[in-house]
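Visitor: I am new to protein structures. Could you walk me through this one, where two chains meet?

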Amino acid sequence: MRAQEPAHHHEHQAVPSDPALRVKALESLLVEKGLVDPAALDALIDTYENKVGPRNGARVVARAWVDPAYKQRLLANASRAIGELGYQGMQGEQMLVLENTPKVHNLVVCTLCSCYPWPVLGLPPAWYKSAPYRSRSVIDPRGVLREFGLQLPDDIEVRVWDSTAELRYLVLPERPAGSEKMTEEELAALITRDAMIGVSRVTLAGG
Amino acid sequence: MNGIHDMGGMQDMGPIRYEKNEPVFHQPWEGRVFALNVAAPQGNLDNQRYGIELLPPAEYLRMSYYEKWLARLEGTLVRLGVVTRHEIEDGKAAPDPPLPIPVQVQPRAVTFRRDAGAAPRFEVKHRVRARNINPVGHTRLPRYARGKVGVIVRDHGVFVFPDTNAAFEGEKPQHVYSVRFAARELWGEQASPRDAVYLDMWDDYLERA
């Protein structure tokens with residue numbers, strides 16, 4: 001823990017009105033100094049725009065619904081079980097899966113910044129990173145859930161998981177009634193990002 | 001630091017603004033800022049998080065998410081001596097001599113789990129109190145939990161300690177636990193008697209209750 005004063009106020013200044021120009025200038029400076037490779041930047045953007053997202057998590061959840069042995073592995077060692085489906089990487093090194101039941105509802109937040117399980121959900125939506133969600137989820141989770149249209153009865157326990165360390169959380173939602181005959185693929189199509197954060201449930205109507 | 005980033009339990013921040021079919025990046029520059037933050041040498045992740053916490057509070061609240069990432073990236077690169085503020089203003093490298101890259105910003109392994117470290121100080125089912133500490137630097141112990149009593153529900157194993165790692169004062173590897181705090185312990189009678197908040201806490205954040 002640092003004892004000295006954070007010496008920052010003189011180092012920072014307001015971001016100018018056009019961040020696009022500022023980013024461009026910074027990128028060319030870092031490229032000129034050989035600190036970043038533009039092709040690597042392109043690849044990172046492509047990965048998180050096109051390859052990694054909540055469809056990955058949906059496949060994990062659907063597999064857990066149809067394969068009890070997989071579900072067991074997922075709850076016991078989430079990183080390894082998720083890795084079985086080929087999903088791994090930054091911000092997914094230490095995964096934990098939280099199972100919703102008729103008596104327990106789980107909700108994930110990061111009050112301090114924006115921690116989120118990238119390999120299974122992609123990059124977080126703006127609302128997840130916003131002050132209203134981060135501030136209120138821990139003190140009024142039921143109010144937050146109502147805002148998302150989910151009214152939970154008093155006899156359901158709400159567990160809020162504040163991602164304060166390097167563990168990353170994925171909610172395993174309840175499989176909806178009436179989905180018994182659906183295939184794994186059909187089930188995956190019902191599963192939304194919001195249900196895997198814990199702000200909604202999975203319904204037959206899907207996302 | 002007791003900064004604006006430590007938001008858990010604050011009120012009156014307004015409704016949650018939900019955007020349907022939200023794009024990953026709203027503007028191309030946001031994608032570039034994201035990628036630059038991942039790729040550019042900025043020391044360890046704890047130091048990067050600390051960089052966001054150094055933004056002035058009013059700016060922190062005003063800026064969009066990726067504006068914060070841009071300001072953090074510029075600030076961190078200057079703070080660590082990778083580039084100068086002057087070079088950022090110019091968008092090109094100073095003629096010479098080039099700055100040597102400081103040791104602490106060299107790329108390193110991203111995983112924070114360590115095989116060895118201090119023995120665990122607590123076990124599952126132990127009652128613990130989050131310490132009342134107010135460090136000026138980086139910490140992952142939110143204000144709303146300090147002084148509160150909870151129960152250890154899981155030992156996650158050994159991890160790098162962010163408070164020292166962020167300041168390049170060593171990894172100080174130690175156990176991290178999942179600690180369950182009853183909602184009423186944190187928020188009083190207004191909270192539901194059934195609900196709970198789980199926080200991941202390092203040994204150094206806890207004392208026996």
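Here are some short questions and answers on how the chains touch and pair.

Visitor: How many residues of chain A are in contact with chain B?
Guide: Keep in mind that this is a predicted model. Two residues count as in contact if their C-beta atoms, placed from the backbone, lie within 7 Å. On chain B, 77 residues take part. On chain A, the number is 66.

Visitor: Which element gives the largest share of the side of chain A that touches chain B?
Guide: Several elements of chain A each supply at least two residues to that side, among them helix H2 (38-51), helix H7 (131-139) and strand S3 (157-162). The largest share is eleven residues. They come from H1(A).

Visitor: How many residues of that side of chain A are nonpolar?
Guide: Sort the residues by class. Ten are polar and 18 are charged. The nonpolar ones number 38.

Visitor: At what angle do helix H1 of chain A and helix H4 of chain B pack?
Guide: H1(A) covers residues 19-32, and H4(B) covers residues 65-79. Their axes are 11 Å apart. H1(A) passes H4(B) in a left-handed crossing. The angle is about 35 degrees.

Visitor: Which residues of H4(B) make the contact with H1(A)?
Guide: H1(A) brings Pro19(A), Arg22(A), Val23(A) and Leu26(A). By class, the contact has four nonpolar, no polar and three charged residues. From H4(B) come Glu67(B), Leu70(B) and Glu74(B).

Visitor: Which strands are at the edges of the open sheet?
Guide: Seven strands form the sheet, in the order S2(A)-S3(A)-S4(B)-S3(B)-S2(B)-S1(B)-S5(B). The pairing is mixed. An edge strand pairs on one side only. Here the edges are S2 (104-109) of chain A and S5 (206-208) of chain B.

Visitor: Where does the sheet pass from chain A to chain B, in the strand order?
Guide: Read along the order: S3(A) is followed by S4(B). These two strands pair in the parallel sense over four bridges. Val160(A) stands opposite a residue of S4(B), Val197(B). The step is S3(A)-S4(B).

Visitor: What is the bridge partner of Leu107(A) in S3(A)?
Guide: S2(A) and S3(A) pair in the parallel sense over six bridges. Val197(B) has Val160(A) opposite. That residue of S3(A) is also the partner of Leu107(A). The name is Val160(A).

Visitor: At what angle does H7(A) run to S2(A)?
Guide: H7(A) lies across S2 and S3 of chain A. S4 of chain B is crossed as well. To S2(A), the angle is about 145 degrees.

Notes: Residues numbered from 1 in each chain as written. Chains lettered and ligands numbered in written order. Predicted model: local features only at pLDDT ≥ 70, side-chain atom pairs only at ≥ 80, totals over all residues. Axes fitted to C-alpha atoms, helices over the stretch in contact; angles between N-to-C directions. Left-handed = near helix turned anticlockwise from the far one by under 90°. Nonpolar A, V, L, I, M, F, W, Y, C, P; charged D, E, K, R; others polar. Pairing = 2+ DSSP bridges.
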